[in-house]
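This briefing covers a sheet, the surroundings of a ligand, and the packing of helices. Please keep the sequence and the structure open while reading.

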Amino acid sequence: MIEIRDLHQAYTGRGGSVEVLKGIDLTVPEGSITAVVGPSGAGKTTLSHCISLLEKPTQGEILVDGSDLSRLRGRQLRSARRAIGTIFQHSALLRRITVAENVALPLRNLGVVHHEMQDRVAEMLDRVGLLHKADSYPGQLSGGQKQRVGIARALALRPRILLSDESTSGLDPDTTAQILSLLADLRTDLGLSIILITHEMDVVRNVADQVASLSHGRLAEYGSLPSLVADQDSTVGGQLLPIAALPLPAGFDTFLDLAYQDGDVDPEWFTRVAVDHQIRLALLGGTIEARGATALGRAVVGVRGEQAQRAIGALNGLGLSARLRSDVDRSGPTGTAISAASPDPTGPPPSGATPIPAGATAGATA
Ligand SMILES: Nc1ncnc2c1ncn2[C@@H]1O[C@H](COP(=O)(O)OP(=O)(O)OP(=O)(O)O)[C@@H](O)[C@H]1O
């Protein structure tokens with residue numbers, strides 16, 4: 001487990017001191033993946049450098065299994081670094097030595113004896129599925145294979161924490177999925193605490209247990225992924241499952257935002273509200289994402305104003321979180337004018353997620 005407490009980082013230049021991290025508190029439980037997201041300049045890389053002990057924070061603590069690594073120097077610092085393995089964006093392998101020699105580097109620097117080093121390298125390459133590439137050179141590998149070697153190297157010192165700094169950036173979707181699946185397995189098999197610094201919301205949605213969002217050097221949001229998706233006030237939740245919706249059809253004047261929470265939603269909610277409760281609903285857009293045995297989702301429906309409160313009650317009773325939008329008009333619920341011919345102005349639905357066909361209506365005559 002890694003705990004970051006009141007972490008500050010300031011840089012001093014000609015123009016004076018600039019505080020880039022302004023008191024970050026973050027806990028990454030053992031055996032879990034925490035994604036750190038945020039806009040450019042929010043402080044993600046600075047946080048990553050502080051965690052990997054490349055930079056010394058100006059204030060605060062980085063506790064790994066209870067001991068503060070941020071105040072160490074010299075030999076103690078070098079030793080503490082072993083607790084944290086880092087995977088970089090471009091794998092950062094040395095081109096002139098073999099895959100096995102790259103993985104062995106951290107062990108060699110530590111003076112591990114030869115046969116032990118060979119065993120460890122073979123074990124780590126086997127874990128990432130690349131034992132057969134041990135004698136190849138990095139230039140002979142695909143992008144995804146290079147990243148796997150980078151992961152094997154990061155694991156060589158048996159760290160407790162794995163820090164991935166944009167490690168899937170620039171990889172194609174299939175390769176990204178393979179790397180994420182490997183990270184998820186490592187979390188489970190080795191009980192690693194994994195910190196994923198990324199700007200890719202697809203990556204976050206597919207693999208993160210918790211999400212921390214930075215803004216201007218502060219922690220803007222933090223929570224489990226399902227809780228953020230279910231929280232209608234969460235900006236990150238909206239970014240994780242973005243929805244573009246059709247405008248309200250004739251006869252409807254009120255938008256409701258819906259969120260699915262964990263597995264407790266009645267799968268027949270739409271029919272039940274329409275038939276059992278005699279409420280007219282127009283399904284205007286939505287996304288459902290399967291996570292293990294549960295489903296996460298967000299949707300937008302249209303209702304008639306006089307039925308809105310009853311609809312909210314019925315939907316909440318079926319396990320959804322339903323909320324009236326206050327800024328109701330006939331443009332989309334985001335306030336952006338959306339035409340029926342172009343129902344998705346923000347681009348395709350997130351990969352791996354199932355878009356609900358917009359425009360379906362149901363309901364008894366009211
Ligand atoms: N060595 C430095 N000296 C001065 N300012 C710095 C230094 N490193 C980073 N900064 C500033 O700190 C802020 C946060 O930078 P950082 O690279 O951590 O953001 P980021 O969230 O990783 O952004 P991106 O997604 O674009 O990589 C930026 O305003 C940046 O200009």
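**Sheet, ligand shell and helix pairs**

Tyr11 stands opposite Val18 in β2. The model is predicted. Tyr11 is also among the residues that come nearest to the ligand, and the points below take the sheet, the ligand and the helices in turn.

**The sheet**

- The sheet is open and has four strands, in the order β2-β1-β4-β5, with antiparallel pairing.
- β2 (16–28) and β5 (67–68) each have a single partner strand and stand at the edges, so one side of each lacks a neighbour in the sheet.
- Strand β1 covers residues 2–13 and is joined to β2 by 10 bridges, the two running antiparallel.
- A hairpin of two residues leads from β1 to β2.
- Among the pairs between these strands, Glu3 has Thr27 in β2 as its bridge partner.
- β1 is also joined to β4, by five bridges, and this pair too runs antiparallel.
- On that side, Arg5 has Glu61 in β4 as its bridge partner.
- In a regular strand, side chains point alternately to one face of the sheet and the other.

**Helix α1 on the sheet**

- Helix α1, residues 44–51, lies across three strands: β1, β2 and β4 (59–64).
- The angle between α1 and β2 is about 70°.

**Around the ligand**

- Which residues come nearest to the ligand? Of the 13 residues around the ligand, these are Tyr11, Ser40, Lys44, Thr45 and Thr46.
- β1, β2 and α1 are the elements that each give two or more residues to this shell.
- α1 contributes the most, with three residues.
- By class, the shell holds four nonpolar, eight polar and one charged residue.

**Helices α3 and α5**

- Two packed helices are described by the distance between their axes and the angle between those axes.
- For helix α3 (residues 99–109) and helix α5 (residues 143–155), the axes come within 7 Å and cross at roughly 30°.
- Angles under 35 degrees count as roughly parallel, and α3 and α5 are therefore roughly parallel to each other.
- Their crossing is right-handed.
- From α3, the residues Val99, Asn102, Val103, Leu105 and Pro106 meet Val149, Ala152 and Arg153 of α5.
- The contact of α3 with α5 is made up of six nonpolar residues, one polar and one charged.

**Helices α5 and α6**

- The axes of α5 and helix α6 (residues 173–190) come within 9 Å, and the crossing angle is roughly 20°.
- α5 and α6 are therefore also roughly parallel to each other.
- The crossing of α5 and α6 is right-handed.
- How do the residues pair up across this contact, and which ones belong to α5? Gly143, Gly144, Gln147, Arg148 and Ile151 in α5 meet Thr175, Gln178, Ile179 and Leu182 in α6.
- The contact of α5 with α6 has three nonpolar, five polar and one charged residues, whereas six nonpolar residues take part in the contact of α3 with α5.

Definitions and conventions. Residues are numbered from 1 along each chain as its sequence is written. This is a predicted model: local features need pLDDT of at least 70, side-chain atom pairs count only at pLDDT 80 or more; totals for chains, interfaces and linings use all residues. Two strands pair if DSSP finds at least two bridges between them. Two residues are in contact if their C-beta atoms, placed from the backbone, lie within 7 Å. Axes are lines fitted to C-alpha atoms, for helices over the stretch in contact, and angles run from 0 to 180 degrees between N-to-C directions. A residue is near a molecule or strand if its C-beta atom, placed from the backbone, lies within 6 Å of it. Ala, Val, Leu, Ile, Met, Phe, Trp, Tyr, Cys and Pro count as nonpolar, Asp, Glu, Lys and Arg as charged, and the others, Gly among them, as polar. Angles under 35 degrees count as roughly parallel, over 145 as roughly antiparallel, 65 to 115 as roughly perpendicular and the rest as oblique. A crossing is left-handed if the near helix is turned anticlockwise from the far one by less than a right angle, and right-handed if clockwise.
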